[in-house]
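Let's take a walk through this protein together. Have a look at the sequence and the 3D picture below, and then we'll go through some of the details.

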Amino acid sequence: MLPLAQFRQFIEQHQLFAKDDKVLLAVSGGKDSVLMLHLFKAIGVNVGVAHCNFNLRGEEAQRDEHFVKMLATSLDVPVHITHFDTKKYAAENKISTQMAARDLRYHWFEQIRSEHKYECIALAQHQNDAVETVLINLVRGTGISGLHGILPKRGKLIRPLLFLSRNEIETAVAENNIGFVEDSSNLSTNYTRNKLRLQVIPHLKEINPNLEKTFEENMARFAELESFLALQVQELADNLLIKRADGIYISLLDIAALRPQKLLLYELLKPFGFVEKVVDAILQRLTSPSGTHFFSASHQAIINRKDLIIAPQNTADHLNQFIHPSTANIRFGDDEIALTFSDELKFEAVANKAFVNADRLIFPLVLRNWQNGDKFIPLGMRHLKKVSDFFIDAKVPLHLKHTTPILVNGNGQIIWIAGMRQDNRYKLTATTEKVAIFELKK
């Protein structure tokens with residue numbers, strides 16, 4: 001007899017999907033996924049089947065594909081099948097075959113879900129998979145998020161078999177005479193998960209025969225602890241992270257006062273991709289001079305006077321842009337510069353516009369980042385000043401020094417530090433006949 005009551009209860013308890021939702025089932029042909037398909041059919045959910053042939057197991061993979069196709073047809077369920085060149089993908093992306101299969105599988109599942117209007121994707125992972133995942137995370141090193149195991153629902157992915165152990169699945173399959181295929185790679189100890197399943201967990205079960213139940217309870221506690229921590233971190237983030245136009249600021253004094261310091265700073269910076277090792281480095285260098293940089297894959301953190309500023313890395317250097325007399329608008333990173341000409345000798349005293357004597361321009365002009373050694377004569381002054389000193393006097397955060405557009409004449413002289421100050425040599429005079437108007441648009 002199928003465990004339909006427990007299946008329904010688990011779905012309702014974790015609100016995996018709504019009554020009329022259409023669900024895509026990932027079916028390999030093994031006991032777990034085949035039982036999942038029968039359970040879904042038995043409770044009358046509108047489902048489709050997705051099967052991946054990774055072309056890694058020769059005729060066995062062809063057998064699995066044929067089995068799933070026949071099974072879906074016999075149950076009158078739509079079936080989606082695809083083939084991957086997994087080894088080629090792994091080589092091209094320099095990742096393991098397992099990681100390649102995982103990437104390809106999830107990407108394709110989402111594609112099918114979206115194209116065929118499935119509400120969610122069901123994976124047949126069970127309690128033993130959750131135990132193995134926690135053990136793998138512990139062995140490799142993990143934070144609290146790695147201790148809650150496999151969640152019943154994450155985004156569009158649902159795991160409706162987490163109420164069953166492997167033994168319970170095998171019993172249900174045998175009692176209901178459900179056909180399946182066996183993946184011979186499950187018996188190989190070349191994979192970490194299989195090694196834990198076949199060689200480690202049996203010894204742990206000698207110590208605790210109810211290992212799955214114990215882990216289920218532990219994982220529930222860790223999940224609650226993670227939720228509690230998330231609330232505390234969100235409250236801290238609301239109070240400490242100050243969003244400004246040029247990045248997110250957090251006071252160095254506030255960082256120094258965090259308790260427990262490393263855990264909370266890691267959680268605050270995790271959304272920006274900073275790993276534990278970088279958080280360690282930040283904490284060790286809180287008193288370092290302004291300009292000390294730290295990097296994640298997507299962001300940079302810069303010590304700037306009394307703050308740590310977090311900004312995307314893509315605000316760094318941009319390619320030089322050339323401006324011709326016919327240029328009306330040009331992009332520079334997130335900024336846009338507009339150019340117009342006027343025969344009327346007038347100007348506005350606004351920072352986002354420069355009114356320049358067009359007769360002195362040598363085209364093409366260049367729009368570029370700040371370069372070490374840059375100098376200009378700020379409007380209203382007589383002598384050259386280093387742009388870096390100008391930035392310091394204007395209290396420009398260091399990371400913006402590298403992103404502020406600088407307009408340069410064909411003779412190499414700086415015309416305008418966009419949005420801040422133009423050069424005195426290019427100001428309008430009584431003899432100016434034509435005005436070039438540059439406008440910075442954010």
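Where in the chain is Pro364? You'll find Pro364 in the loop between strand S15 (353-357) and strand S16 (365-368). One thing to keep in mind as you look around: this is a predicted model.

**Two cis peptide bonds**

Pro364 is a good place to start, since the peptide bond that leads from Phe363 to Pro364 is cis, with omega near -5 degrees. Another cis peptide bond links Arg259 and Pro260, and there omega is about -10 degrees. Pro260 also sits in a loop, the one between helix H10 (252-257) and helix H11 (261-269).

**Positive phi angles**

Now for some backbone angles. Gln15 isn't a glycine, yet its phi is positive, at about 50 degrees. Asn177, a residue other than glycine too, has a positive phi near 50 degrees. Here is where you can find them:

| Residue | Loop it lies in |
|---|---|
| Gln15 | between helix H1 (4-13) and strand S1 (22-26) |
| Asn177 | between helix H7 (166-175) and helix H8 (192-207) |

Are these residues buried or exposed? Gln15 has 60% relative accessibility, so it counts as exposed. Asn177 comes out at 72% relative accessibility, and therefore counts as exposed as well.

**Where two domains meet**

Time to zoom out. The domain assignment splits the chain into domain 1 (4-214), domain 2 (245-312) and domain 3 (321-441). Let's stick with domain 2 and domain 3. Going by C-alpha atoms, their centres are 33 Å apart. How many residues of domain 2 are in contact with domain 3? There are 11 of them, and they meet seven residues of domain 3.

How do you put a size on a meeting place like that? People often quote the accessible area that is lost when the parts come together. For domain 2 and domain 3, that buried area is about 610 Å², with 64% of it on carbon and sulfur atoms. On the domain 2 side, Asp246, Asn304 and Arg305 lose the most area to domain 3, and together they make up 58% of what that side buries.

What about links across this interface? The rule finds zero salt bridges between domain 2 and domain 3. For polar contacts, counting pairs with both residues at pLDDT 80 or more, the tally across the interface is zero too.

Which strands help build the domain 2 side? Strand S10 (299-304) and strand S11 (307-312) each bring at least two residues to the side that touches domain 3. The largest share, four residues, comes from S10. Sort the residues on that side of domain 2 by type and you get five nonpolar, four polar and two charged.

**A closer look at Ile303**

Let's stay with strand S10 for a moment, because Ile303 is found there and, at 0% relative accessibility, counts as buried. What does Ile303 touch? Leaving out residues up to four places away in sequence, its contacts include Leu252, Arg285, Leu286, Phe294, Leu308 and Leu398. Ser288, Pro289, Ser290, Gly291 and Thr292 are also among the residues that Ile303 touches. As for Tyr249, it is 54 residues from Ile303 along the chain, and the C-alpha atoms of these two are separated by 9.9 Å.

Note on methods. Residues are numbered from 1 along each chain as its sequence is written. This is a predicted model: local features need pLDDT of at least 70, side-chain atom pairs count only at pLDDT 80 or more; totals for chains, interfaces and linings use all residues. Side-chain values use heavy atoms; hydrogens and water are left out. Domain bounds come from an automatic or database domain assignment. Contact means heavy atoms within 4.5 Å. Buried area is the accessible area (1.4 Å probe) that two parts lose on being put together, summed over both. A salt bridge is a side-chain nitrogen of Lys or Arg within 4 Å of a carboxyl oxygen of Asp or Glu. A polar contact is a pair of N or O atoms within 3.5 Å; within protein, one must be able to donate a hydrogen and the other to accept it, and residues adjacent in sequence count only if both atoms are side-chain atoms. Ala, Val, Leu, Ile, Met, Phe, Trp, Tyr, Cys and Pro count as nonpolar, Asp, Glu, Lys and Arg as charged, and the others, Gly among them, as polar. Buried means under 20% relative accessible area, exposed over 50%, partly exposed in between (1.4 Å probe, protein chains only).
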